[in-house]
Amino acid sequence: QVHLVESGGGLVQPGGSLRLSCAASGFTFSTNTMTWYRQAPGKERELVARISSTGDSRNYAASVKGRFTISRDNAKNTVYLQMTALKPEDTAMYYCNVFLYTVNINYWGPGTQVTVSS
């Protein structure tokens, strides 16, 4: 059974940093692309960052490029999102995601809340 569990969210002041983690299990982590999404109240869920199975390819939303870094540790089945220079508009629930082509199913974690406020 696929499980994705996010952690690391919290309340941070503008300009601060947080590192989110997503622990994965139930599938072959090292062969799958992993993605972070976020959803703010009243807004649609949006892609934040994506990393290929090997970590060689990374993509970011324009709004976070240069401030956020996605990485992964295939030995630990974990994907990370390092967030710096946080802004109030980064406030959202952050979700870890994997799409398994073998079963054509999109999996999501329960999310971790990030609040940027003074």
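What radius of gyration does the chain have, and what would a compact globule with 118 residues have? The chain has 14 Å, in agreement with the value near 13 Å for such a globule; the radius is taken over C-alpha atoms, and the globule rule is 2.2 Å times the number of residues to the power 0.38. This is a predicted model, where local features need pLDDT of at least 70, side-chain atom pairs count only at pLDDT 80 or more, and totals for chains, interfaces and linings use all residues. Residues are numbered from 1 along each chain as its sequence is written, and side-chain values use heavy atoms, with hydrogens and water left out.

**View 1. The whole chain, strand after strand.** The chain has eleven strands and zero helices (DSSP runs numbered from the N terminus: E, at least two residues, for strands; H or I, at least four, for helices). Along the principal axes, its C-alpha atoms fill a box of roughly 45 × 30 × 25 Å. Take contacts (heavy atoms within 4.5 Å) between residues at least 6 apart in sequence: 52% of them join residues at least 24 apart. As for burial, 42% of the 118 residues count as buried (under 20% relative accessible area; exposed is over 50%, partly exposed in between, with a 1.4 Å probe and protein chains only).

**View 2. Strand β8 and its two partners.** β8 is largely enclosed by the rest of the structure, because five of its six residues are buried. On one side of the pairing list is β3 (residues 18-25), antiparallel to β8 over six bridges; strands pair if DSSP finds at least two bridges between them. β7 also runs antiparallel to β8, again with six bridges. Zoom in on Q82 of β8: this residue is the bridge partner of R19, and of T69 too.

**View 3. N77 at the β7-β8 turn.** The hairpin of β7 and β8 has four residues between the strands. N77 sits in this loop, between β7 (68-73) and β8 (78-83). Its phi is positive, about 50°, although N77 is not a glycine. With 27% relative accessibility, N77 counts as partly exposed.

**View 4. N104, another asparagine with positive phi.** Here we're in the loop between β9 (92-100) and β10 (105-108), where N104 is found. N104 isn't a glycine either, yet has a positive phi of about 55°. Buried or exposed: which is N104? N104 counts as exposed, because its relative accessibility is 59%.
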